[in-house]
Every structure is written in structure tokens, then in C-alpha cells.
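Work through the exercises below with the sequence and the predicted model side by side. Each task is followed by a solution in steps.

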Amino acid sequence: MKNFALMALPYEANALEPVISRETIAFHHGKHLAAYVNNLNALLPGSGFEDALLEEIVCRAEGGILNNAGQILNHNLYFGQFTAPKQDNAPTGRIAAAIVRDFGSFEAFKEAFQKAGTTLFGSGWVWLSANKDGHLVITQEGNAANPVQHGLCPLLTFDVWEHAYYLDYQNRRPDHLAALWQIVDWDTVEQRMKL
């Protein structure tokens with residue numbers, strides 16, 4: 001049986017400030033994500049998923065195993081897609097061309113993505129994913145759900161669970177979503193494209 005491990009952050013805990021504070025990273029990564037990892041490892045023995053890949057568990061499991069595996073997968077993608085803040089941060093290359101092709105412009109995409117994140121009721125995630133034809137789609141996923149469950153390839157996600165932003169933005173979810181564009185590592189997002 002394999003145990004899952006808490007992912008190491010690819011940057012220092014204060015590297016995303018002021019968009020995401022060191023304090024939020026400490027709680028979000030060091031407490032919330034760590035709890036999901038510990039919970040999943042405790043649930044795996046006798047589950048039939050002892051040697052399964054995370055994506056396989058998310059696509060096949062139910063209940064607590066799904067919830068914890070989904071949150072690990074979601075958070076690994078989330079924390080792995082950021083870099084130090086940059087003004088006027090925008091995609092280039094293949095991902096930029098795909099965004100323009102499927103949404104008309106980067107600004108139109110940002111507006112649609114933020115609207116999906118703002119209007120998602122309760123806790124969850126907003127995603128940019130590629131379908132099997134390589135076209136980009138925006139989806140809202142509640143709680144621990146992930147686009148892989150619908151046959152999509154997740155590229156970019158913004159976390160709209162309150163623990164992701166409440167210390168820094170209180171109830172201002174739209175402000176949190178608008179600020180995140182400064183720290184998206186578009187090279188990482190493009191590397192996730194399969195086509």
C-alpha cells in the first residue's frame with residue numbers, strides 16, 4: 001500500500017504576498033491540505049484503493065475517500081500553479097492562443113472565469129479544463145469534485161472555499177478571484193495541456 005504525502009510548495013510561504021498571505025498559506029497548505037492527506041491515508045486500508053493513483057480514486061471512489069482524495073488532487077493543482085505576483089500577468093504561447101480561440105479574448109475569459117467563481121454557491125472550485133478535442137471549458141465543481149470526473153483535463157483552478165481567502169479577504173470572494181490573476185504561472189498551466 002502506498003501512502004500519499006503532503007506536497008512540497010514550489011515557492012516560499014510568503015512568495016505570493018500580498019495576493020495570498022504567509023498566514024493563509026500556513027493554514028491552507030499546512031493544516032487543511034495536510035488533514036486531507038492524513039484522512040485519506042487512514043481511510044485507504046481495506047478500501048480497494050490501496051495502490052490506486054489519486055486520479056483513479058477521484059473517478060471511482062465515494063464518500064470520505066472521494067472527498068479527501070478530491071481535495072488532495074484539487075489542492076495539488078491549485079498550489080502548483082502559482083508564482084510570485086506580476087502586474088499585467090497574462091498567458092503567452094499555446095495556452096494564450098487556445099483562450100483567444102475559445103473565449104474571444106483573455107479579458108473575456110477572465111470575466112467568465114471570475115463570474116463562475118463568484119456565482120458558485122457554497123464551497124467548491126472554478127476550473128479551466130481541456131476537453132478530449134483540446135477545446136477549453138470553464139466548469140464549477142462543488143466541494144471536492146474535479147473535472148477529471150467528467151473526462152476533462154484540468155489546467156487552472158481557483159479555490160472558492162472560504163478557508164482559501166477568508167484571512168486575507170474576509171467575505172470579498174470577488175476581490176480574491178480578481179487578485180489571483182497576478183500569481184498564475186501560465187507556463188505551468190500550459191504544461192498541463194495534453195494536446
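**Exercise 1. Determine whether Cys-59 counts as buried, partly exposed or exposed, and whether Cys-59 or Cys-153 takes part in a disulfide.**

Step 1. Buried means under 20% relative accessible area and exposed means over 50%, with partly exposed in between; Cys-59, at 43% relative accessibility, therefore counts as partly exposed.

Step 2. Cys-153 has a relative accessible area of 14%, so this residue is buried.

Step 3. A disulfide requires two cysteine sulfur atoms within 2.5 Å. For Cys-59 the nearest cysteine sulfur belongs to Cys-153 and is 12 Å away, and Cys-59 is in no disulfide. Seen from the other side, Cys-153 is likewise in no disulfide, the nearest cysteine sulfur being that of Cys-59 at 12 Å.

Step 4. A search of the whole structure agrees with this, finding 0 disulfides.

**Exercise 2. Describe how strand E1 (residues 124–130) is covered, and identify the strands with which E1 pairs.**

Step 1. Begin with burial: 7 of the 7 residues of E1 are buried.

Step 2. Next, separate the faces. In a regular strand the side chains alternate between the two faces of the sheet. On one side of E1 lie Gly-124, Val-126, Leu-128 and Ala-130, on the other Trp-125, Trp-127 and Ser-129, and both faces are covered.

Step 3. Then follow the pairing with strand E2 (residues 136–142), which is antiparallel to E1 and joined to E1 over 7 bridges. Within this pair, Ala-130 has Leu-136 as its bridge partner, while Ser-129 stands opposite Val-137. The hairpin of E1 and E2 has 5 residues between the strands, and there Gly-134 takes a positive phi near 90°.

Step 4. Finally, turn to strand E3 (residues 153–159), which also pairs with E1 in the antiparallel sense, over 6 bridges; here the bridge partner of Ser-129 is Pro-154.

**Exercise 3. Identify which residues touch the most other members of the largest nonpolar core, and examine the surroundings of Leu-156.**

Step 1. The largest nonpolar core holds 60 residues, of which Leu-156 and Trp-186 touch the most other members. Helix H3 (residues 63–79) gives the most to this core, contributing 8 residues.

Step 2. Leaving aside residues up to four places away in sequence, the residues that Leu-156 touches include Val-126, Trp-127 and Leu-128. Among its other contacts are Phe-109, Phe-113, Trp-181, Val-184, Trp-186 and Val-189, together with Gln-81 and Arg-192.

Definitions and conventions:
Residues numbered from 1 in each chain as written. Predicted model: local features only at pLDDT ≥ 70, side-chain atom pairs only at ≥ 80, totals over all residues. Heavy atoms only, no water. Core = buried A, V, L, I, M, F, W, Y, C linked by side-chain atoms within 4.5 Å. Buried < 20%, exposed > 50% of the residue type's maximum accessible area, 1.4 Å probe, protein only. Helix = DSSP H or I, 4+ residues; strand = E, 2+ residues; numbered from the N terminus. Contact = heavy atoms within 4.5 Å. Pairing = 2+ DSSP bridges.
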